[in-house]
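Q: I have a new structure open and I'd like to learn how to read it. Can you walk me through it, feature by feature?
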Amino acid sequence: RDLHRLIRRQRQMCIRDSFFMNRGGRDCVIDCTGLGADILRFLEKHRFRTLTLGSFKDAQRLLERLLAYLEVPFTPGPYRIPAAQREDSRNILLEIPGLTFRNAQGEVIFASKLELPAGIALFLHEKGYRNLKLPAL
């Protein structure tokens, strides 16, 4: 009975501190705060897919892991963007660390830890990218 109360209390915490969703017919929990190993085992035993993000120190790695878990295709960087539409030998390539993925509306999102100068951010916007500044963790 005590274990049942503990699990019920931990499940309530799970809903507040984590994300719960159903994807492809399976219940999924994205743990943002570090649920205990006993709770994670309980969830996995009951066929939940789980992803724990609390230990990540790098925002780009965290985003890569999250996108992979959600089965959202992405391209890790560094990302090379030509300044003009011409052959590479006569072009300037901007190389920016980050990754790209498409959001639900099909827009290309460029995510980077860098604070992009306004000119480069505008250039990317004109090329059809939406910029996402990743936070320091």
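A: Sure, and let's start with a helix packed on strands. Keep in mind that this is a predicted model. Helix H3, residues 59-69, lies across S4, S7 and strand S8 (108-112), and its direction makes an angle of about 30 degrees with S7.

Q: What order do the strands of the open sheet have?
A: To read a sheet, go from one strand to its neighbour. Here that gives S4-S7-S8-S9, an open sheet of 4 strands with mixed pairing. Strand S4 (74-76) and strand S9 (129-133) are the edges: each has a single partner strand, so one side of each has no neighbour in the sheet. From one strand to the next, the twist averages 20 degrees.

Q: In which sense do S4 and strand S7 pair?
A: Antiparallel, over 3 bridges, with S7 covering residues 99-102. For a concrete spot to look at, find Phe74: its bridge partner in S7 is Phe101.

Q: Let me zoom out. How many helices and strands does the protein chain have?
A: The count is 4 helices and 9 strands. Following the sequence from its start, you meet them in the pattern α-β-β-α-β-α-β-β-β-β-β-α-β.

Q: What share of the residues is buried?
A: Of the 137 residues in the protein chain, 31% are buried. As for the outside, the chain exposes about 9,400 Å², and carbon and sulfur atoms supply 53% of that area.

Q: And what part of the contacts joins residues 24 or more positions apart?
A: Look at the contacts in the chain with a separation of 6 or more: 29% of them are between residues 24 or more positions apart.

Q: Now the charged side chains. How many salt bridges are there?
A: Here's the general idea: side chains of opposite charge can pair when their charged atoms come close. The cut-off used is a side-chain nitrogen of Lys or Arg within 4 Å of a carboxyl oxygen of Asp or Glu. By this rule the structure has 4 salt bridges. One of them joins the side chains of Asp58 and Lys113, at 2.7 Å from N to O.

Q: Where in the chain do Asp58 and Lys113 sit?
A: Both are in loops. Asp58 is in the loop between strand S3 (49-52) and H3, while Lys113 is in the loop between S8 and helix H4 (118-126). They are 55 residues apart, and the pair links distant parts of the chain.

Q: Are those two buried, partly exposed or exposed?
A: Asp58 has 24% relative accessibility, so it counts as partly exposed. Lys113 is at 41%, so it is partly exposed too.

Q: Which residue forms a salt bridge with Glu95?
A: That's Arg80, and their closest N and O atoms are 3.0 Å apart. Glu95 is in strand S6 (residues 93-96) and Arg80 in strand S5 (residues 79-82), 15 residues apart. Glu95 counts as partly exposed because its relative accessibility is 49%. Arg80, at 49% relative accessibility, counts as partly exposed as well.

Q: Which residue meets Glu107 in a salt bridge?
A: Its partner is Arg130, with 3.6 Å from N to O. Glu107 lies in the loop between S7 and S8 and Arg130 in strand S9, so this pair ties together parts 23 residues apart in sequence. Glu107 is partly exposed at 31% relative accessibility, and Arg130 is partly exposed at 46%.

Notes. Residues numbered from 1 in each chain as written. Predicted model: local features only at pLDDT ≥ 70, side-chain atom pairs only at ≥ 80, totals over all residues. Heavy atoms only, no water. Pairing = 2+ DSSP bridges. Helix = DSSP H or I, 4+ residues; strand = E, 2+ residues; numbered from the N terminus. Axes fitted to C-alpha atoms, helices over the stretch in contact; angles between N-to-C directions. Contact = heavy atoms within 4.5 Å. Buried < 20%, exposed > 50% of the residue type's maximum accessible area, 1.4 Å probe, protein only. Areas by Shrake-Rupley, 256 points an atom, 1.4 Å probe, with all protein chains shown as cover.
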